[in-house]
Amino acid sequence: MGLYKQAQTAEAVENRFGIDAGCGEAVKAMSRQKGAVTFMAFCVELEGRNMEEKTRQYQKESNFMKENHIRQILEQVKEGTLSVEEAGQQLHMGRYEEMGYAKLDISRKERTGFGEVVFCSGKTDHHLEAIYERLFEKEGEVLGTRATKAQFELIRGRFPQASYDPVSRVLKIQSKEKELVGNVAVCTAGTADIPVAEEAAQTAEFFGAYVERIYDVGVSGIHRLLNRMETIRKANCVVAVAGMEGALASVIGGMVSRPVIAVPTSVGYGANFHGLSALLTMINSCANGIAVVNIDNGYGAGYLATQMNRLAVGGENNG
């Protein structure tokens, strides 16, 4: 038996919350405070209860809480203690889709300009397929990262238009071609850094940025980089992806007037420590205008690059 993320047994409910949990299936307690209904639900679930049942129960409870939250906001607007603008902000902040095993942030695009992205690694087939279905229903498109070929086959069975890049492991559904604006340069030190760079490039493209790919221009043959500097300098921002010692970001940072997003990769021999040496080089760079994301975090770099690119082209939500 498991208790809705709060305790392990029905007895634990009694001890912790001082209410009778002997009903076995669910314990619900309601109280009124300042005219608002507070709802608490502690489901003691039986082993073997299927996921669809759980999801319906969670959704029912979530809908109850949402309805009462909306009622409270409307009452405050009616009383004049809350402005219409503030009410709208609160309603947007509180929106999510309850699935039991996931809470889909369906208002994220309204708040940030970017819809929710799926981190595919580690998700069960049932969860992944259901999440893709719900996001596609809400957004009309879905971006997933760190997906496997098997996960692609699963999603393609439901969405024939889904596409998968085995290099970057990006699994996406796009219903239409996008107009790509601005200019983001994605550079790599070596060919082995391309999988992380492609995750960055395809993330930026998914969110509406034009991307210029400039690969294998590492410092061990710096003339290759110098030959492409004219193109790199035209970009609104530069993503520099490098493993080994990670010097590429510092070199580019000292030669351009735009922000540089440094991405350390786990490419390298033993003393690279799975990307730690590149990470330390990048965060200790003496060049100015460099921001550093986590090791192998191409997605984070692509996201940040898109934000910078949108500011440069004068639009916040052109994804």
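Which residues in helix 5 are buried? They are His-127, Leu-128, Ala-130, Ile-131, Tyr-132, Arg-134 and Leu-135. Please keep in mind as you read on that this is a predicted model. The notes below start with helix 5, move to the cavity that it helps to line, and then turn to strand 13 with its two parallel neighbours, strand 12 and strand 14. Two loop residues with positive phi close the tour.

**Helix 5**
- Helix 5 is made of 15 residues and spans 21 Å from its first C-alpha to its last, close to the 21 Å expected at 1.5 Å a residue.
- Its buried set includes the charged residue Arg-134 alongside residues such as Leu-128 and Ile-131.
- Gly-140, just after helix 5, has a positive phi of about 80°.

**The cavity**
- Searching the whole structure for cavities of 30 Å³ or more turns up one, and the space in this largest cavity comes to about 120 Å³.
- Its lining has 14 residues, and those closest to the centre are Gly-115, Glu-139, Glu-141, Phe-206 and Phe-207.
- Helix 5 (125-139) and strand 7 (142-145) are the elements that contribute two or more residues to this lining.
- By character, the lining residues are six nonpolar, three polar and five charged.

**Strand 13 and its neighbours**
- Strand 13 covers residues 260-264, and five of its five residues are buried.
- On one side of the strand sit Val-260, Ala-262 and Pro-264, on the other Ile-261 and Val-263, and both faces are covered.
- Strand 12 runs parallel to strand 13, and five bridges join the two; here Ala-240 stands opposite Ala-262.
- Strand 14 (residues 290-292) also pairs with strand 13 in the parallel sense, over three bridges, and Val-292 is the bridge partner of Ala-262 there.
- The chain goes from strand 13 through helix 11 (residues 276-283) to strand 14 in a right-handed β-α-β crossover.
- Strand 12, helix 10 and strand 13 likewise form a β-α-β unit that is right-handed.

**Two loop residues with positive phi**
- Asp-216 is not a glycine, yet its phi is positive at about 60°.
- You will find Asp-216 in the loop between strand 11 (209-214) and helix 8 (222-226), and its relative accessibility is 32%, so it counts as partly exposed.
- Met-244, also not a glycine, has a positive phi of about 50°.
- The loop that holds Met-244 lies between strand 12 (237-242) and helix 10 (248-253), and Met-244 counts as partly exposed because its relative accessibility is 42%.

Note on methods:
Residues numbered from 1 in each chain as written. Predicted model: local features only at pLDDT ≥ 70, side-chain atom pairs only at ≥ 80, totals over all residues. Heavy atoms only, no water. Helix = DSSP H or I, 4+ residues; strand = E, 2+ residues; numbered from the N terminus. Buried < 20%, exposed > 50% of the residue type's maximum accessible area, 1.4 Å probe, protein only. 1 Å grid on protein atoms, 1.4 Å probe; cavity = no way out; pocket = protein on both sides within 12 Å on 5 of 7 lines; lining within 4 Å. Points joined across faces, edges and corners; volume = space filled by probe spheres on them. Expected span 1.5 Å × (residues − 1). Pairing = 2+ DSSP bridges. Right-handed = clockwise from strand over helix to strand, strands pointing away.
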